[in-house]
Amino acid sequence: MDKQFDLVIVGGGTAGMTAAIYGARAGKKVLVLEQLICGGQIINAAEVENYPGIRSVSGADFASALFEQASSVGAEFDFRQVTGLQEAEDGFLVLTADGAIRAGAVILATGAKNRPLELPGEEALTGRGVSYCAACDGAFYRDKTAAVVGGGNTALEDALVLSGLCRQVYLIHRRDTFRGEQKTLELVEARPNITVLRSSVVMRLLGDGRLCGAIVKDLKTGEEKALPLDGLFVAIGQMPQNAPFADLVRLNEEGYIQAGENCRTSHPGIFTAGDCRSKKVRQLSTAAGDGAVAAMTALEYLRMMGR
């Protein structure tokens with residue numbers, strides 16, 4: 001395959017499909033390349049209730065509507081893995097397992113995977129008690145019991161968010177000390193409905209079709225106990241998938257693409273959007289915002305290049 005597009009978008013999540021809508025509506029020939037299924041992480045959400053203008057929608061329905069909208073305005077989709085990116089005389093070559101695709105400009109919207117606990121049944125229980133975003137899903141556990149796993153700022157902040165909603169919150173960390181800020185930890189320890197379990201790990205998830213608890217092991221004593229839980233929030237980091245592009249764009253020490261709010265990367269003609277870029281807030285609405293900004297900035301670049 002050796003086709004020519006004005007704009008190639010790598011990644012079919014919210015950021016990528018939003019960028020496709022803006023690019024196609026501007027009359028450009030746009031291709032979205034997605035390895036698996038369009039939608040990204042949001043397809044695992046049973047309900048989305050924090051996206052402006054939509055009171056409630058399932059993640060799968062949201063992704064489906066976005067795909068239909070992008071397709072209706074002329075964006076093309078192809079499902080294949082992108083293996084690299086090279087400069088070419090008239091733009092870029094987007095490399096895939098099935099050949100190269102020519103692009104005048106490229107938007108990298110590869111997203112990031114939540115780092116899982118890698119426990120049996122975790123994937124099946126995701127969206128059914130297991131979550132990776134307290135800001136997204138915390139409201140579903142109002143007046144219930146939840147646990148957060150992790151020791152960084154995200155885990156501490158998630159515990160604080162949940163403590164304002166849940167009856168009881170457990171914060172489970174495998175070490176005695178936390179990586180997060182001391183002031184945030186002090187706030188956590190001051191909340192009467194947060195119980196901090198240091199030197200502890202989740203050994204097993206309990207529940208058939210819906211999470212009902214977890215087996216937690218004290219690493220110092222070896223004792224295991226069952227915690228009844230309605231929700232378990234995993235906050236042990238994310239894994240960006242930007243290695244194939246490291247030769248052309250600058251990544252930070254965590255592997256995220258370095259770019260500011262204009263979504264420009266270190267390489268002219270290559271832009272980025274969504275969870276794969278260096279940023280503090282990673283939400284559905286910010287992904288859509290990134291997609292719009294990246295597309296508009298890419299369109300400006302194409303105009304400057306006479307395309």
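Which residues of helix H5 (residues 153-163) are buried? I put this to the model, which is a predicted one, before looking at anything else, and I noted Ala 155, Leu 156, Asp 158, Ala 159, Leu 160, Leu 162 and Ser 163 as the buried residues of H5. I then looked up what covers them, and the cover includes helix H4 (134-137) and helix H6 (182-190), together with strands S9 (145-149), S10 (168-172), S11 (194-197) and S15 (231-234).

**Overall form**

I counted seven helices and 17 strands in the secondary structure of the chain. For the 307 residues I compared the radius of gyration, 21 Å, with the value near 19 Å that a compact globule would have, and the two agree. Along the principal axes, the C-alpha atoms fill a box of roughly 65 × 35 × 35 Å. I found that buried residues make up 52% of the chain, and that about 14600 Å² is exposed, with carbon and sulfur atoms supplying 48% of that area. Taking the contacts between residues at least 6 apart in sequence, I noted that 59% of them join residues at least 24 apart. For the charges, I looked up the mean positions of the 32 positive and the 36 negative ones, which lie 3 Å apart.

**The largest nonpolar core**

Nonpolar side chains tend to be buried together in soluble globular proteins. Here I looked at the largest nonpolar core, which has 34 residues, and found that Ile 9 and Ile 107 touch the most other members. At least two residues of this core come from each of strand S1 (4-10), helix H1 (14-25), strand S2 (30-34), helix H2 (59-72), strand S6 (99-108) and helix H7 (284-304). H7 gives the largest share of the core, seven residues. I followed Ile 9 further and, leaving out residues up to four places away in sequence, listed Gly 16, Ala 19, Ala 20, Val 30, Leu 31, Val 32, Leu 33, Ile 107 and Ala 109 as the residues that Ile 9 touches.

**The loop between S7 and H3**

I turned next to Pro 116, which sits in the loop between strand S7 (112-114) and helix H3 (122-125). Pro 116 counts as partly exposed because its relative accessibility is 26%, which lies between the limits of 20% and 50%. Apart from neighbours within four places in sequence, Pro 116 is in contact with Glu 122, Tyr 132, Ile 236 and Met 239. From Pro 116 to Ala 19 I noted a C-alpha to C-alpha distance of 28 Å, across 97 residues of sequence.

**Two positive phi values**

Most residues other than glycine have a negative phi. I therefore noted Glu 118, whose phi is near 60 degrees, in the loop between S7 and H3; with 68% relative accessibility, Glu 118 counts as exposed. I also noted Asp 143, with a positive phi of about 65 degrees, in the loop between H4 and S9; Asp 143 counts as exposed at 56% relative accessibility.

**Ile 257**

Is Ile 257 buried or exposed? I found Ile 257 buried, with a relative accessible area of 0%, in the loop between strand S16 (238-240) and strand S17 (270-272). Beyond residues up to four places away in sequence, Ile 257 touches Leu 108, Asn 242, Val 249, Arg 250, Leu 251, Thr 265, Thr 272, Cys 276, Arg 277 and Ser 278. Ile 194 is 63 residues from Ile 257 in sequence, and their C-alpha atoms are 35 Å apart.

How values were computed:
Residues numbered from 1 in each chain as written. Predicted model: local features only at pLDDT ≥ 70, side-chain atom pairs only at ≥ 80, totals over all residues. Heavy atoms only, no water. Helix = DSSP H or I, 4+ residues; strand = E, 2+ residues; numbered from the N terminus. Rg over C-alpha atoms; globule rule 2.2 N^0.38 Å. Buried < 20%, exposed > 50% of the residue type's maximum accessible area, 1.4 Å probe, protein only. Contact = heavy atoms within 4.5 Å. Areas by Shrake-Rupley, 256 points an atom, 1.4 Å probe, with all protein chains shown as cover. Lys, Arg positive; Asp, Glu negative; His and termini not counted. Charge placed at Lys NZ, Arg CZ, Asp CG, Glu CD. Core = buried A, V, L, I, M, F, W, Y, C linked by side-chain atoms within 4.5 Å.
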